[in-house]
Amino acid sequence: MTNGYTNESDNKLILKNLEEAEAIFKELFEKRLDEVAKLDAKRIEISKAISNDKEFYAKDPNLLLIGLIENTYRESKGNFLLFLRSLRMKRAWIERLQGELPQDVLKQLQRTEAEFGNRDTFRILIQLYLHIIQNADKDYIVGFMRTEPHPLELRSAISYIKNKTLANRIREAISALTKEELDYLVKYHREITLWRSKEVVTEDIPFFVLRTRIFIEGGERGYLGLFSIFKDEKLRQKLVSSPAFLRLMRHKEQAAFLMKLRNDVMSYKTDPKWEKFLKFYDDVEKIADELRNKFGNPEVDYGLLGAIYSHLGKKEIASELFENKSKFRQFPQKWLEYFNNLLWLVNSKENKRKHVIEPFINEMDRIFGDRIHELIVMTLPEISQLKDALTPLIKLEKNSFDKIMEETADSRKNARKRLQKLREKFDDASDRCIDALTDFAEAKYRIVNVEIMQEILLRLKNAKTYAQNEGQFGRHSLQVIGDDLEKAVSNPIKGLTLLYNFDKASRATINVSYNLRSIGNIFTRKEILAKLEELNRYMETTSRTYHKLEGLINTNLQFLFEPKSEEQSKGEEYGKSRAA
């Protein structure tokens, strides 16, 4: 809709531009400038604190930690192992401190942990070493290692050691001194001898597999794995090289292996090309080797099949396969008959008892008995050998201790230099912030107060002047007309005068309207965005500069901004004599 002076679409556009400009102004002067104001308040507070030597030294985390370290050293009476143990107990407090020294100390405390697990695991190894150097009596040391809960703690600590060669050295020394493995071997051997009793004679292969796995892997209360815990490689070699052991422990797997061979042979009935059968036939030698090496060269007694087979007697399956290749050749029916009989024998109760279980019991009895004898007659190591095995752990701790004390001395020596360096960094960053904020303020004044506001004021003044100078014609004409319009225009000269006056008033109204509406035209999208983009660039620089300062504060000076915490007060108690 339009009239003589107003276009409604123009008005809407002006209003839209004004609203968009208002939103940008709010972003600049309410949100972002408020953020800068908060950072500047923080800058001022840090500036006051960092210029005060007494306040800085009272809160400096490096000096607080120096006091703690020196006090801990005195309490440990120079014993670096006790010192590090005490310092680790205060780790949570150290982690809250800001600064280079706290980070360096934490790094040193973690060096040993990276190789030996956390302090709660290798603590028992440190404790054992301290007992050795304080009391070299073998009976006392052995008693300590055998007293609960030390055996479990020692095993746990050893399991976390990354260097497995070192772990085995410590484990073997402890096991030999305490004879703990010997105790368990005797216990397990006693149980093996009971396997010949009437109560056990009816048990099938799974029973013996389960009990043996418990012996070597643990998993039941009161049983420690000879492999998993004591890492007895000599016993392992004796067992895995025993055919009787392999026959029983892998009997189920062996039966499945033979069943697969039988199915490959039987596939001739459905496969015209006999592919699986022919592959089996070609691989008989490999199959025989696998039966010997993996399954302990199992045996079967053909007499169990009846009188017709009794002449075959006891046979090794591997050897029989090799013989049958020459006898049956590529005659799948013969092979199928052989595997059917073989599988029946392998799974028969009589064959398992006579050719699997009984040989297994005898072998376990012999192997465990031999290993017990070896441990009994073995020369017991000296306590010094255990001490030597623990030496790599102690060296790591000593290196960490030396590094901590060295860094502590350097930090105390350079305390004043550190303060001066931080002051220089802060002052430089602070000056940059002030310069950026000043540039923004000057740009704001120029763009908003001069370029925009002065133009608005000029046009308002023009509108006011037109209204004051030309408005008198309208007021005079209305007085002349009065209430009787016909009487007022009865004289033609008088009527022309009235029209002239109204025309002058109309022109004044047009000029006032132009100047008022042109205020809106100042905020055309192109012009206002250009002005505000310039102002925004100054704000971006200011904000970026203040955030760099904030990064410096958060990294190096946050402790000055925060009120003194309970931990900091506690730190001051640890060391009163800080660098001046």
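Select residues 332-347 first. This is helix α19, with 16 residues. From its first C-alpha to its last, α19 reaches 22 Å, close to the 22 Å expected at 1.5 Å a residue. Keep in mind that you are looking at a predicted model.

Now colour the buried residues of α19. They are Pro332, Trp335, Leu336, Tyr338, Phe339, Asn341, Leu342, Leu343, Leu345 and Val346.

**Zoom out**

Show the whole protein. How many helices and strands are there? The protein has 26 helices and two strands. Of its 580 residues, 44% are buried. Next, think about contacts with a separation of 6 or more. Residues 24 or more positions apart account for 78% of them.

**Stop: helix α4**

Select residues 80-89, which form helix α4. Its buried residues are Phe80, Leu81, Phe83, Leu84, Leu87 and Arg88. Turn the view until you look down the axis of α4. The buried residues fall within an arc of 160°, so they line one face of the helix.

What covers these buried residues? The cover includes α3 (61-75), α5 (91-95), α6 (100-116), α7 (119-134) and α21 (383-413). Show those helices one by one.

Then go to the N-terminal end of α4. Asparagine 79 caps it. A side-chain oxygen of asparagine 79 lies 3.0 Å from the backbone nitrogen of leucine 81.

**Stop: threonine 112**

Select threonine 112, in helix α6. Is threonine 112 buried or exposed? Its relative accessible area is 0%, so threonine 112 is buried. Show its side chain together with glutamate 397. A polar contact of 2.6 Å joins the two side chains.

Now add the other residues that threonine 112 touches. Leaving out residues up to four places away in sequence, the full list is Arg88, Gly117, Phe122, Leu393, Leu396, Glu397 and Ser400. Arg88 is one of the buried residues of α4 from the stop before. Phe122 is among the buried residues of α7, the helix to visit next.

**Stop: helix α7**

Select α7, which has 16 residues. It reaches 21 Å from first C-alpha to last, close to the 22 Å expected at 1.5 Å a residue. Buried in α7 are Thr121, Phe122, Ile124, Leu125, Ile126, Leu128, Tyr129, Leu130, His131 and Ile132.

Which helices do they pack against? The answer is α4, α6, α8 (138-146), α9 (150-159), α10 (164-178) and α21.

**Stop: the loops**

Select proline 149, in the loop between α8 and α9. Show the backbone here. The peptide bond from glutamate 148 to proline 149 is cis, with omega near 5°.

Move on to lysine 179, in the loop between α10 and α11. Its phi is near 60°, a positive value in a residue other than glycine. Lysine 179 is partly exposed, with a relative accessible area of 39%.

Now pick lysine 231, in the loop between α12 and α13 (233-240). Here phi is near 50°, again positive in a residue other than glycine. At 35% relative accessibility, lysine 231 counts as partly exposed.

Why stop at these spots? Most residues other than glycine have a negative phi, and most peptide bonds are trans.

**Stop: the aromatic rings**

Show the rings of Phe, Tyr and Trp. The structure holds 27 aromatic pairs. Select one of them, tyrosine 188 and phenylalanine 215. This pair is stacked, at 4.7 Å centre to centre with 15° between the planes. Tyrosine 188 lies in helix α11 (residues 180-193), and phenylalanine 215 in helix α12 (residues 205-217), so the pair ties together parts that are 27 residues apart in sequence. Tyrosine 188 counts as buried, at 0% relative accessibility. Phenylalanine 215 is buried too, with a relative accessible area of 0%.

Widen the selection to the aromatic cluster that holds both rings. Its members are Tyr184, Tyr188, Trp195, Phe207, Phe208, Phe215, Tyr223, Phe230, Phe245, Phe360 and Phe368.

**Last stop: charges over rings**

Stay with Tyr223 from that cluster. Add arginine 211. Its charged end sits over the ring of tyrosine 223, 5.2 Å from the ring centre.

Finish at tyrosine 281 and lysine 325. Lysine 325 lies over the face of tyrosine 281, at 5.0 Å from the ring centre.

Technical notes: Residues are numbered from 1 along each chain as its sequence is written. This is a predicted model: local features need pLDDT of at least 70, side-chain atom pairs count only at pLDDT 80 or more; totals for chains, interfaces and linings use all residues. Side-chain values use heavy atoms; hydrogens and water are left out. Helices (H or I, at least four residues) and strands (E, at least two) are DSSP runs, numbered from the N terminus. The expected span of a helix is 1.5 Å times one less than its number of residues. Buried means under 20% relative accessible area, exposed over 50%, partly exposed in between (1.4 Å probe, protein chains only). The arc is that of the directions from the helix axis to the C-beta atoms. Contact means heavy atoms within 4.5 Å. A polar contact is a pair of N or O atoms within 3.5 Å; within protein, one must be able to donate a hydrogen and the other to accept it, and residues adjacent in sequence count only if both atoms are side-chain atoms. Rings of Phe, Tyr and Trp (its six-membered ring) pair if their centres lie within 6.5 Å; planes under 30 degrees apart count as stacked, over 60 as edge-to-face and the rest as tilted. A charge sits over a ring if NZ of Lys or CZ of Arg is within 6 Å of the ring centre and within 35 degrees of the ring normal.
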